[in-house]
Amino acid sequence: MSAAQENQVMTLKDWKELWQRGTTGFHQNTVCRLLEVNIDKVVAGRSGVRFFFPLCGKAVDMKWLADSGHSVVGVEISEKAIREFFEESKMSYSEEPVPSVPGAKVFRNTEKSVSLYQCDIFRFSSSLEGQFGAIWDRGAFVAINPKDRENYAALLVSLMAPDCRYLLDTLIYNPERYSSHPFFVPDEQVRSLFGSTCDIEPLQEEDALTEDFKNCGMDFLIEKVQLLVRKSS
Ligand SMILES: C[S@@+](CC[C@H](N)C(=O)[O-])C[C@H]1O[C@@H](n2cnc3c(N)ncnc32)[C@H](O)[C@@H]1O
C-alpha cells in the first residue's frame with residue numbers, strides 16, 4: 001500500500017453524505033465498457049451466473065446482467081443509492097429486514113434477479129447468500145479504506161464459489177499527487193492479497209486520465225482489469 005494513503009479514511013457517514021448531496025461522479029449512466037468487453041471471460045460459457053457486486057452503488061451493470069439472464073447480489077451502505085437503482089431501472093421492488101444482521105435491509109426486485117443488501121460490506125457473509133459464480137469489482141476495492149484491504153480480500157475470497165471468476169478493476173496513479181479515493185492499488189498488493197488463493201490474469205489496461213483528475217493533480221491514471229480465478233486445491 002502507498003504510505004501517502006495508508007491512513008486515509010472515508011467513513012460510512014461520508015459515503016452516505018455523498019449520495020445525499022448527489023456528488024457521485026463515479027456513477028456511470030451506461031454499462032461499464034471494461035465489463036462489456038470482458039464479459040465472455042467472466043461468464044465463461046455458463047448461463048444464469050450469480051454475480052456479486054461489492055459496494056454496488058446504483059451501477060446500471062446490475063440491470064444489464066439481470067436482463068441477460070444472470071442474477072445479482074449487491075451490498076451498498078446508501079439506501080438512497082439502492083432505491084434510485086430500482087426506480088431508475090423501472091423495477092418494482094420490496095424490502096425486508098435481515099434478521100441475522102441487525103439494522104440491515106435487503107431490497108429485491110419482483111423477479112428476484114437483483115437483491116441489494118443495505119449494510120456495511122464487513123457485515124455481509126456467505127451465510128446470507130452463499131457463494132458466487134462471478135464478482136464484478138468496480139469502484140469497490142479502490143473505495144475500501146487502505147487499512148481494511150486485508151479484511152476485504154479475505155471476505156471476497158470467502159464469497160467465491162470454486163468456479164468463481166472475479167473481475168477486479170483497479171486504478172494506477174502516483175499517490176503522492178492525489179491522496180483521496182478512489183485509492184491507488186498497487187499490483188504487488190493484489191498479488192499479495194489474492195495470489196495464494198487465486199490465479200491472476202491481467203486482461204486490459206486503459207488511460208483513464210480525465211480533466212477532473214488532472215485538475216486534482218494527477219499526471220497519469222491507468223484503469224486496469226484483472227481476472228482472478230480460484231486455484232484448484
Ligand atoms: C466509488 S462508489 C462505486 C459504486 C459502484 N460500484 C459503481 O461502480 O458505480 C463506492 C460505493 O461504495 C459504497 N460504500 C463505501 N463503503 C462501503 C461499505 N463499507 N459497505 C457498503 N458500501 C460501501 C458507497 O456508498 C458507494 O456507493
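Reader: Which exposed residues does the face of α4 turned away from its buried side carry?

Author: In this predicted model, the face of α4 that points away from its buried side carries E87 and E88, both of them exposed. The opposite class is made up of A81, I82, F85 and F86, which are the buried residues of this helix, spanning residues 79-88. Seen down the axis of α4, these buried residues fall within an arc of 130°, so they line one face of the helix.

Reader: What do the buried residues of α4 pack against?

Author: The buried residues of α4 pack against two helices, α1 (12-21) and α3 (61-67), and against the strands β2 (71-76), β3 (93-97), β4 (105-109) and β5 (114-118). Just after α4, the backbone at K90 takes a positive phi of about 55°.

Reader: Why does S158 count as exposed?

Author: A residue is called exposed if 12 or fewer other C-beta atoms lie within 10 Å of its own. S158, which lies in helix α6 (residues 149-158), has 11 C-beta neighbours inside 10 Å and therefore counts as exposed. From S158 to F107 the separation is 51 residues in sequence and 23 Å in space, taken from C-alpha to C-alpha.

Reader: How many residues surround the ligand, and which are the closest?

Author: The ligand is surrounded by 19 residues, the closest being W15, L55, G57, I77 and G139. The elements that contribute two or more residues to this shell are α1 and β2, both of which also appear among the partners of the buried residues of α4. By character, the shell around the ligand divides into twelve nonpolar, four polar and three charged residues.

Technical notes: Residues numbered from 1 in each chain as written. Predicted model: local features only at pLDDT ≥ 70, side-chain atom pairs only at ≥ 80, totals over all residues. Helix = DSSP H or I, 4+ residues; strand = E, 2+ residues; numbered from the N terminus. Buried ≥ 20, exposed ≤ 12 C-beta atoms within 10 Å, placed from the backbone. Arc of directions from axis to C-beta. Contact = placed C-beta atoms within 7 Å. Near = placed C-beta within 6 Å. Nonpolar A, V, L, I, M, F, W, Y, C, P; charged D, E, K, R; others polar.
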